[in-house]
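Please open the structure in your viewer and keep the sequence panel beside it, since this tour moves from one selection to the next. At each stop, make the selection first, look around it, and then read on.

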Amino acid sequence: MHHHKLWIFVNIAAIILSIVYIWFLRPHDSSILITAQLLAQIGVILFLININMYFIFLVIRKTSLRKVKISLAKFSRYLMKWHIKIALYGTTIIFGHALINLFELGPVIGFNHLKLLSGYLAILCLLFTLFAGYLRHKKASGFRRKFHLITAFVFLGVFLFHMFVFI
């Protein structure tokens with residue numbers, strides 16, 4: 001399978017998996033918690049869009065197919081114009097998700113429950129990723145690019161762990 005086809009498959013699988021998990025395995029009766037789930041779902045999609053910048057650039061570097069390189073380069077130029085806005089929208093949405101869950105679930109399951117602890121860590125990793133992105137935006141360098149990339153993947157890992165911790 002070509003890299004770009006695998007990349008598309010993984011993204012579709014990630015979105016389907018998050019939908020199944022959030023909506024079917026973690027149902028809630030409370031409308032405010034359903035709102036928190038909706039915010040989480042939107043956040044997942046926005047952050048997947050942004051993390052995919054890495055994979056777009058990876059396919060551009062690795063593929064030998066000229067048409068794929070050209071089309072992905074054009075697409076990445078367009079998407080990069082939205083990268084910071086998507087990150088800020090996603091962060092705002094995730095803060096809404098976090099606040100709802102903190103105030104609604106915290107008193108029920110305890111503020112030191114693994115679900116909330118992993119959420120705190122995910123928010124901290126997200127803030128580091130935003131800071132690294134800010135540094136990269138202000139002055140690009142190889143170190144700042146790698147720092148932003150590493151923080152983004154650490155955030156992704158912590159976020160995935162947080163998502164799949166059962167209450």
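Begin by selecting threonine 63, which sits in the loop between helix 2 and helix 3. Bear in mind from this first stop onward that you are looking at a predicted model. Is threonine 63 buried or exposed? Its relative accessible area is 13%, and because buried means under 20%, threonine 63 counts as buried although a loop holds it. If you set aside the residues up to four places away in sequence, you will find threonine 63 touching Val68 and Lys69.

**The whole chain**

Now zoom out and colour the chain by secondary structure, which comes to six helices and zero strands. Following the chain from the N terminus, you therefore meet the elements in the order α-α-α-α-α-α, with helices and strands taken as DSSP runs. Along the principal axes, the C-alpha atoms fill a box of roughly 55 × 35 × 20 Å. Of the 167 residues in the chain, 37% count as buried. If you look at the contacts with a separation of 6 or more, 66% of them are made by residues 24 or more positions apart.

**The nonpolar cores**

Next, select Val44, Phe47, Ile94, Leu126, Phe155, Phe159 and Met163, which are the members that touch the most other members in the largest nonpolar core, a set of 17 residues. Helix 1, helix 2, helix 5 and helix 6 each supply at least two residues of this core. Then select Leu33, Leu46, Met53 and Leu72, which are included in a second, separate core of 15 residues.

Return to isoleucine 94 and show the residues around it, leaving aside the neighbours within four places in sequence. Which residues are in contact with isoleucine 94? They are Leu39, Ala40, Gly43, Phe47, Ile123 and Leu126.

Threonine 91 is a useful selection to make after this, and you will find it in helix 3. Threonine 91 has a relative accessible area of 7%, so it counts as buried. Not counting residues up to four places away in sequence, threonine 91 touches Phe47, Leu126 and Leu130. Phe47 and Leu126 are also among the contacts of isoleucine 94.

**Three more residues in helices**

Select asparagine 52, which belongs to helix 2. With a relative accessibility of 8%, asparagine 52 counts as buried. If you show its side chain, you can find one of its polar atoms 2.5 Å from the backbone oxygen of leucine 48.

Move on to leucine 99, a residue of helix 3. Is leucine 99 buried, exposed or partly exposed? Its relative accessibility is 47%, so leucine 99 counts as partly exposed. Select alanine 36 together with leucine 99: the two are 63 residues apart in sequence, and their C-alpha atoms are 8.6 Å apart in space.

Then turn to serine 118 in helix 5. Its relative accessible area is 4%, so serine 118 is buried. Apart from neighbours within four places in sequence, serine 118 is in contact with Val158, Phe161, His162 and Val165. Leucine 160 is 42 residues from serine 118 in sequence, while the distance from C-alpha to C-alpha is 9.6 Å.

**The two largest pockets**

Finish with the open spaces, and start with the largest pocket, which holds about 800 Å³ of space. To find it, select Asn50, His83, Gly133, Arg136 and His148, the closest to its centre among the 28 residues of the lining. Helix 2 (31–62), helix 3 (66–104), helix 5 (114–138) and helix 6 (142–164) each supply at least two residues of this lining. Sorted by class, the lining of the largest pocket has 19 nonpolar, six polar and three charged residues.

The second largest pocket has a volume of about 620 Å³. Which residues should you select to find its centre? Of the 30 residues in the lining, His97, Ala98, Asn101, Lys115 and His162 are the closest to the centre. His162 is also one of the contacts of serine 118, which you visited earlier. At least two residues of the lining of the second largest pocket come from each of helix 1 (3–25), helix 2, helix 3, helix 5 and helix 6. By class, this lining has 22 nonpolar, six polar and two charged residues.

Terms used:
Residues numbered from 1 in each chain as written. Predicted model: local features only at pLDDT ≥ 70, side-chain atom pairs only at ≥ 80, totals over all residues. Heavy atoms only, no water. 1 Å grid on protein atoms, 1.4 Å probe; cavity = no way out; pocket = protein on both sides within 12 Å on 5 of 7 lines; lining within 4 Å. Points joined across faces, edges and corners; volume = space filled by probe spheres on them. Helix = DSSP H or I, 4+ residues; strand = E, 2+ residues; numbered from the N terminus. Nonpolar A, V, L, I, M, F, W, Y, C, P; charged D, E, K, R; others polar. Core = buried A, V, L, I, M, F, W, Y, C linked by side-chain atoms within 4.5 Å. Buried < 20%, exposed > 50% of the residue type's maximum accessible area, 1.4 Å probe, protein only. Contact = heavy atoms within 4.5 Å. Polar contact = N/O pair within 3.5 Å; in protein donor to acceptor, adjacent residues only side chain to side chain.
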